[in-house]
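Q: I have a new model open on my screen and would like to learn how to read it. Could you walk me through it, feature by feature?

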Amino acid sequence: MSQQSLRPDTAARREPREIPPLAEVRRITEKKRDAWWTVLLVDPVATPLVRQTALRTRITPNQITWGAFLLGLGSAVCFAFGDWRWLCLGAVIYHLSFILDCMDGKVARLTGQGSVFGAWLDFVFDRIRVMVCGVALMGGQYERTGDVTYVWLALAVVGLDTLRYINSLEIFKVRYTMRKQIKARVRAARRAENQAELAFMEDLLRENPEADVERDQAAAAAAPGEPGALPGPAPAAVEPGEPGAPAGVPRSRQVIDLHQEFRGRFPAYLRARSFLLRHRIRTHLVSGVEFQMGVFILGPLFDAVIPATIVSGALLLVFELAIIYKLLLSTRDFTRTIDSFEQPVTTTTAA
């Protein structure tokens, strides 16, 4: 096979790019849900820069990732000096590094240059940047003050950042496994009815944050005998077109709600979630992003490294525990959903 056939798009990429207007660039590059810090303080700067970068340069996403990493190391050097002026400069550089870090993915989506290796590089560089900056910031303050608290805070910053991303990965794997098992059971239990299409409530709500799920769930509670309904105040599996299914869902699609129990215990969550989704903000208000910004931007800028780190770490832990609790309730919905699909199969076998 010739080299030309291996890279058929090489010549096309040498031609001038046709970059759409800024509004379209926003639609293509900005995530439907993101951290509030990114939505409010990064995207308004990063997205126009992404358009100009794609329009006027041939910089690749991986090159931007390297630039963000090197800037992050530069902020670590500033943090290490310990003086407040250097802390302020380090905070500014760190924010610029984070803007570049957000730009690499946007450029990849806009130009189609994304790669699996680029995603790996971005993830690894992020973790190294947090570790180096955490050690440099706390080490500089320890050198300046002699307070051993900063040594423990350095360990806490690295540990919490690692915990956050390990927990995120494991929760993703559990949710993926639950979805995979539900899809397999649905195909087995409903094959005779030709009902192979399946949707999950959380995806539908993400696509349509205006949906009034509280009203639909209340209606579903008044009709517990509908197909797919489960015992309890509201069904975890609902048929499209029946109460509890979001409007606009085709009747041929079955909707599974793996967060029914969580929403039942915290009804205000739905209203808050819908409001935040309309503004592209995810409900995980203190994630790894906000934790980093509290430690490496707010703390240095206000010369309050210890309180900013403690508060940011405590809030991160609270939200991580909330996600774990939500996952626990979701596994209960998962079990009830699986049981509801197995029941008809058991009855048929016994007959």
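**Reading the fold, step by step**

A: Happy to! Among contacts in the chain between residues at least 6 apart in sequence, 76% join residues at least 24 apart. Keep in mind that this is a predicted model.

Q: Thanks! How many helices and strands are there in the chain, and what share of its residues count as buried?

A: The chain has 14 helices and three strands. Of its 351 residues, 44% count as buried.

Q: Let's take one helix. What span should helix α13 have, and how far apart are its end C-alpha atoms?

A: A helix rises 1.5 Å a residue, so the 14 residues of α13 (residues 288–301) should span 20 Å; the end C-alpha atoms are 19 Å apart, which agrees. There is also a kink in α13 of about 35 degrees, and its centre is Gly294. Just after the helix, Asp303 has a positive phi of about 50 degrees.

Q: Is α13 largely enclosed or open?

A: Count the buried residues: 12 of the 14 in α13 are buried, so the rest of the structure largely encloses this helix. Among them are Glu290, Phe291, Gln292, Gly294 and Phe296.

Q: Which residues have the most contacts inside the largest nonpolar core?

A: That core holds 38 residues, and the ones with the most contacts inside it are Phe79, Tyr94, Leu137, Met138 and Phe296. Elements giving two or more residues to this core include α5 (61–81), α6 (84–111), α7 (116–145) and α13. The most comes from α6, with eight residues.

Q: What is Phe79 in contact with, leaving aside its neighbours within four places in sequence?

A: Its partners include Leu87, Tyr94, Cys133, Leu137, Phe296 and Pro300. There is a second, separate core too, with 12 residues, including Ile171, Leu258, Phe334 and Ile338.

Q: Now the aromatic rings. What describes a pair of them?

A: Two values do it: the distance of the centres and the angle of the planes. A search of the whole structure gives 13 aromatic pairs. In one of these pairs, the ring centres of Trp66 and Phe125 are 4.7 Å apart with the planes at 75 degrees, so the pair is edge-to-face. Trp66 belongs to helix α5 and Phe125 to helix α7, so this pair ties together parts 59 residues apart in sequence.

Q: Which of those two rings is buried, and which is partly exposed?

A: Relative accessibility decides, with buried meaning under 20%. Trp66, at 44%, counts as partly exposed, while Phe125, at 9%, counts as buried.

Q: What kind of aromatic pair do Phe172 and Tyr176 form?

A: A stacked one, with 6.5 Å centre to centre and 20 degrees between the planes. The general idea is that an α-helix has 3.6 residues a turn, so residues three or four places apart point the same way. In helix α8, Phe172 and Tyr176 are four residues apart, and about one helical turn separates them. With 55% relative accessibility, Phe172 counts as exposed.

Q: Which residues form one aromatic cluster?

A: Look for Phe262, Phe266, Tyr269 and Tyr325, which form one cluster.

Q: And which ring faces do Arg127 and Arg129 lie over?

A: Arg127 lies over the face of Tyr165, 3.7 Å from the ring centre. Arg129 lies over the face of Tyr94, at 5.2 Å from the ring centre. You have met that ring before: Tyr94 is among the residues with the most contacts inside the largest nonpolar core.

Terms used
Residues are numbered from 1 along each chain as its sequence is written. This is a predicted model: local features need pLDDT of at least 70, side-chain atom pairs count only at pLDDT 80 or more; totals for chains, interfaces and linings use all residues. Side-chain values use heavy atoms; hydrogens and water are left out. The expected span of a helix is 1.5 Å times one less than its number of residues. The bend at a residue is the angle between axes fitted to the seven residues ending there and the seven starting there. Buried means under 20% relative accessible area, exposed over 50%, partly exposed in between (1.4 Å probe, protein chains only). A nonpolar core is a set of buried Ala, Val, Leu, Ile, Met, Phe, Trp, Tyr and Cys residues joined through side-chain atoms within 4.5 Å. Contact means heavy atoms within 4.5 Å. Rings of Phe, Tyr and Trp (its six-membered ring) pair if their centres lie within 6.5 Å; planes under 30 degrees apart count as stacked, over 60 as edge-to-face and the rest as tilted. A charge sits over a ring if NZ of Lys or CZ of Arg is within 6 Å of the ring centre and within 35 degrees of the ring normal.
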